[in-house]
Structures are given as C-alpha cells and as structure tokens.
Amino acid sequence: NRCGEQWFLGTAAFRRTVLSAELFATSRCVILGLVYAAYVSAALRRAGASISAEVAEIQTLYGERGYQGAYRYLVQRSVGGGEFFYMLLDPQGQQLVGNIYGLPEAPTDPQGRVRFTYDRQPVDGVIDRAEEGRDARGQIVELGDGYQLFVGLDVEEESRFVANTLNSVLIASGLSLALGIVSGAVVSRRFARRLDGINEAARAVMTGKLDTRAPRTYSGDELDELSRNFNDMLDRVENLMHRMRTAGDSIAHDLRLPLTRMRGRIESALVEEGDVEAREAALMQAVSDVDELLKTFNAVLSLSRLQTGERRRAFESINLGALMEDMCELYEPVCEDAGTEFLCECTPDLMLMGDRELIAQAIANLLDNAIKYTPDGGAIALRGRKTGEGRIELSVTDTGPGIPAEDRERVLERFVRLDRSRNQPGVGLGLSLVHAIAEVHGATLSLDDGPGAVDGAGPGLRIALTFPKRKA
C-alpha cells in the first residue's frame, strides 16, 4: 500500500542503496569519461600529427625545388585523390592549385591550425545529407615569398566515433544508476521485510505477548543472528518473569506465617494487663521475627546486586585454602553441637581471582544447608582441590536426604523450597545466592548425589563450585 511504500522509501537501507548506486554510477561515469577523454585526445593528436607530417614534407620540397616542386606535388596529390585537402595561394591570395575552393572561414590558432566543416560534392546530382557539415582539421602555413599552403584532413569518422562513445558513456552510466537502484531496492525490500518481522515481534512483546518470537531464516547472516539473539533475550525475559511470579507466590507463602505470628504476639502484648514480663518477651520475640525478615530482604537485595554484576569490581587475588581453613575453624564447633561429623580437606595455596567476602558467604550458605538437613550421626565434608584441567573445585558433601535429580535445577531459583523443607527455617534463598556468586565468578555450580545413606537417610548431596583456570 501507499503507506508501506512511503515507509520503505524512507528506510535507511533504501537510502544507503540509492547512495551506493549513485556512487557506483558516478565512479563508472568518471572512468568512462577518462577513457573518452583519452580517446579524443589520441584522435586529435593523430589527425594533427598526420597534417603536420604532410605540411613538413611539402615545406621540404619547397625548400629543395622551390615553387615548382611544391606545385607539381600538390597537383599530383589533388588529382590522384586521397584523404588530404590541399590549396596553394600566390602572394596575391589567388588559388593556384588544390582540391578545395576557398580557405576555411573559421579562426586559426597561433600555429595556424583550424577546425572547420565542409560539404562534399553530390554524386550524380544526388545530395546526401550525411555528406553535409563534415568535420575536418587543417593547418595554414607560409612557404616563403608570400606563398601560402593549406593542408586539411577529414576527421568526420573519428568525430562520429567520439560522439557515439560519449553517448554510450552517458547511456551506460544512466543504465548503471537505474539498474543499481532497482537491484538495490529489491535487496533492500527483502532486508526491510525481515526487519519488519523483528519489529512486529518487538511490538507484540511490548503489548505483553512474551511468547512471541522473531522469525528466522537460519541463513547465518547478520539479521538471522539478530533474530537469534533477540529470541534468546525474550527467552531469558520470559524465564525471569516466570521466576518473579514464582518468587512472589513463594515469598507471600513463606513470609505470611511469621508476619501473622509477629502480629499475634504484639496484639497479645497490647491486651495483656500487668504482666510486664510477658509483654517484654512478646516484644523481644517480635524483634527477633523482624530481624529474620530483614535478613530475608537483605538476602534478596544482595542477590539482585550480584545478578547485576556490581561486585565484579571488588575482585582480587585470594588464597582459597586459607579462606577455607578460617571457615572450618568457624563451623567445626557448630557441627559438633549438631552431632554431625565434620571433615575439612584443602590443598594449600589455591589461588584464584574473586571476591573474598562473596566466596566466604557461598561456603557459609552451603555449610548452613548441609548442617540443617544432615541428621544426627551424619557427616559433612568441605573440600578444596585443583582438577586435572587446572581448575579449582570447592565442594560440600553431606549425608542428608539429598535432592532428587529432577529438582536440582529448580532449587537454584529464588524462594524455591521443596515440600519436605517447609518445616525448616529459611525462605529458599541460600542456593540461589550461591548460584549467583558462581555466575559472578564465572564458575559452574553442580549438584550430585552424596556418599550414600546414613541410618536409612540418603543418598546425600554433593554441591561443587568449579572456578575457571586462572590466567597467567
């Protein structure tokens, strides 16, 4: 339609195509123009050289044999025919011999060269229009003693060829421009249609249709690459939106109970009469509940900051072995109090680039989860080692109930808690935070089965953070 055509004519692709066609046509015209100028110059030099050579020969005869020698030569050449025009004038300006009548009336240059036109005599009284106004070149020189010599040459064929060449140059340039615009318009139209498909997908997404995807041709060109990246971005956006909805439901479910309990305690404290200790106990419990809520929201804030990459600026060279030893000293008493065996194994001098505080938080979260879900009499192991590929692996292994394989991807999302974990404290941000810390450091997070069952519980869980090989 008209609007679509106007939109297409206004696209950057079409404008660039027209500009490219114009530049191509201009360059072609310049090249052909140079060829044309070179040919015209060569034709003029060739005609001028022929006339100059003929004039020089006659001047030589005049110098050697005088007037009679030049006269005889001109008579022979005029009667015998040929491509040259001759005329010999005496000192009074009267024509003595020649095959033309009258000198050209065109102006001459300082060397006596002249450009003129003439009409050939009709054959058998029939006038040929092609023989009228023929182009010619000539030269007028003084032979001496007042005698003037004119030698001319018909260059009509060269002039026609030059004119035809010029017309060909102009026609070829015009055709190049037209064909460039037409072919460019076809290509640009196809380019614009593919862009329009991407724009339509973007407009659909803006209206809330997150399942819309840009069309692909799978040709591997830049537009197909753009569509692929656009679709990958939409997949991630849709996944994030799904996570947000899930997170909202989970946080509402997990925080509703402690908020309800806190409200009940505060309300009971308000209606209590005279029992100051009960009121203080209720208020202290309310403060504890508020601290837990603040801890939850701080974890959410930390997770958001990690996923935006804010903490990458704090990277430094850290000794993972020394950090793990500090964490072992901190958690070994906790495991003893929980009735859980604790093992710490670490290769010394494990150096990596990262944020010491974040890695310590990841270790703490993993150990907290292991202690929380490992039954009495179980075991927990914190290990650090260098793999055969030169990467550094940090792992926490426990003998708890483990996580089913089908749920291991899901537990890394925000506020996701398995049904059997609902009676445990927490809101499901621990592993999400560890996963975010792994992404910040370019590490991989893997969940596998542990060493096996302990007292009927198992198979346990092994969580490993594998950091990339440190560059030299």
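Here are a few notes on the cysteines and a nonpolar patch in this predicted model.

1. Some ground rules. Residues are numbered from 1 along each chain as its sequence is written, and side-chain values use heavy atoms, with hydrogens and water left out. Because the model is predicted, local features need pLDDT of at least 70 and side-chain atom pairs count only at pLDDT 80 or more, while totals for chains, interfaces and linings use all residues.

2. There is one disulfide here (a pair of cysteine sulfur atoms within 2.5 Å). Cys328 and Cys344 make the bond, with their sulfur atoms 2.0 Å apart. The torsion about their S-S bond is about 70°, so the disulfide is right-handed. Cys328 sits in helix α6 (residues 320-337) and Cys344 in strand β7 (residues 341-346), 16 residues apart (helices, H or I with at least four residues, and strands, E with at least two, are DSSP runs numbered from the N terminus).

3. Buried or exposed? Cys328 is buried at 6% relative accessible area, whereas Cys344 is partly exposed at 32% (buried is under 20%, exposed over 50%, partly exposed in between, with a 1.4 Å probe and protein chains only).

4. What about Cys335? Its sulfur is 9.3 Å from the closest cysteine sulfur, in Cys328, which is too far for a bond. Cys335 is also buried, at 1% relative accessibility.

5. Turning to the patch: Leu283, in helix α5 (residues 276-307), is partly exposed at 46% relative accessibility. Leu283 joins Ile266, Leu270 and Val271 in a nonpolar surface patch of about 400 Å² (patch residues have over 30% relative accessible area and no salt bridge; like charges are joined within 9 Å, nonpolar side chains (Val, Leu, Ile, Met, Phe, Trp, Tyr) within 5 Å; a salt bridge is a side-chain nitrogen of Lys or Arg within 4 Å of a carboxyl oxygen of Asp or Glu; accessible areas come from the Shrake-Rupley method with a 1.4 Å probe, and for residues only the protein chains shown count as cover).
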